Amino acid sequence: MNMRMMLGAMMFIAAAIPGNAQTSQQPAGTPSPQAIEQRVANEIKEKQLRKEAEEKLAVEESNRIARLRPEELLSSGRTFYIYSDTDFFEEVQLQNALRKRTELSDWQLSILDGWKSREVADVWVEVDRPLFTYTFTYQLIHRSTGKVLATGKVTAFDGNLAAPKLAARIIQDIKKAKESPKKQ
């Protein structure tokens, strides 16, 4: 019997003393489940609003770029960076061929050289030669928008013969852009 009385007394004391695990109260400094749910909901709303704002800005930027005419961008470009994507043509070949052209100085255009120049030039001139061909292709690309302003190709045996032809075509593209009527 003593054992039963002892067990009963222990159960009585355990029931009388409130324990942290048995109460519905939160320890001090712990947020309630409702506060946690509200914070998560707010974060989800914030991410959704941020995503919608970014999409709206992207659409506005895309529309702005689409309204820009390649002729206007090319005629307003003042600095050029030349890049060759082939082992059969070196950038310096086209740089020298362009520098021999009088139009470059007449229009006050500059050719930039060096790896940091790619980030500041207005127009990139990318030259390539597909494998097993004598065709040299070029693209004039507006740096800040990535818009292709002009493309073309010439046929030549090597880079030394292709450079003057490429320079003539590029000058022709710039001249055509400068002479095109301005859009109102």
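The following dialogue looks at salt bridges and at the surroundings of Ser180 in a predicted model.

Colleague: How should I begin reading charged side chains here, and how many salt bridges does the structure hold?

Modeller: The general idea is that side chains of opposite charge can pair when their charged atoms come close. In this predicted model, the structure holds five salt bridges, and we can take some of them in turn.

Colleague: Which residue forms a salt bridge with Glu46, and where do the two residues sit?

Modeller: The partner of Glu46 is Arg50, and the closest N and O atoms of this salt bridge are 2.7 Å apart. Both residues belong to helix α2, which covers residues 33–67, and because they are four residues apart in that helix, about one helical turn separates them.

Colleague: Are Glu46 and Arg50 buried, exposed or partly exposed?

Modeller: A residue is called buried under 20% relative accessible area and exposed over 50%, with partly exposed in between. Glu46 has a relative accessibility of 43%, so it counts as partly exposed, and Arg50, at 42%, is likewise placed in the partly exposed class.

Colleague: What is the separation of the closest N and O atoms in the salt bridge between Glu103 and Arg101?

Modeller: For Glu103 and Arg101 the closest N and O atoms lie 3.2 Å apart. Glu103 is partly exposed, because its relative accessibility is 21%, while Arg101 is partly exposed with a relative accessible area of 27%.

Colleague: Which residues are linked in a network of salt bridges?

Modeller: Arg69, Glu71 and Glu72 are linked in such a network. Within it, Arg69 forms a salt bridge with Glu71, where the closest N and O atoms are 3.4 Å apart. Arg69 is buried, since its relative accessible area is 18%, whereas Glu71, with 31%, is partly exposed.

Colleague: Leaving aside residues up to four places away in sequence, which residues does Ser180 touch?

Modeller: Once those sequence neighbours are set aside, Ser180 touches Arg69 and Glu71, two residues that also take part in the network just described. Ser180 itself is found in the segment that comes after α6, the helix spanning residues 159–179.

Colleague: Is Ser180 buried or exposed, and which backbone oxygen lies 3.0 Å from a polar atom of its side chain?

Modeller: With a relative accessibility of 16%, Ser180 falls below the cut-off and therefore counts as buried. The backbone oxygen in question belongs to Ala177, and it lies 3.0 Å from a polar atom of the Ser180 side chain.

Definitions and conventions. Residues are numbered from 1 along each chain as its sequence is written. This is a predicted model: local features need pLDDT of at least 70, side-chain atom pairs count only at pLDDT 80 or more; totals for chains, interfaces and linings use all residues. Side-chain values use heavy atoms; hydrogens and water are left out. Buried means under 20% relative accessible area, exposed over 50%, partly exposed in between (1.4 Å probe, protein chains only). A polar contact is a pair of N or O atoms within 3.5 Å; within protein, one must be able to donate a hydrogen and the other to accept it, and residues adjacent in sequence count only if both atoms are side-chain atoms. Contact means heavy atoms within 4.5 Å. A salt bridge is a side-chain nitrogen of Lys or Arg within 4 Å of a carboxyl oxygen of Asp or Glu.
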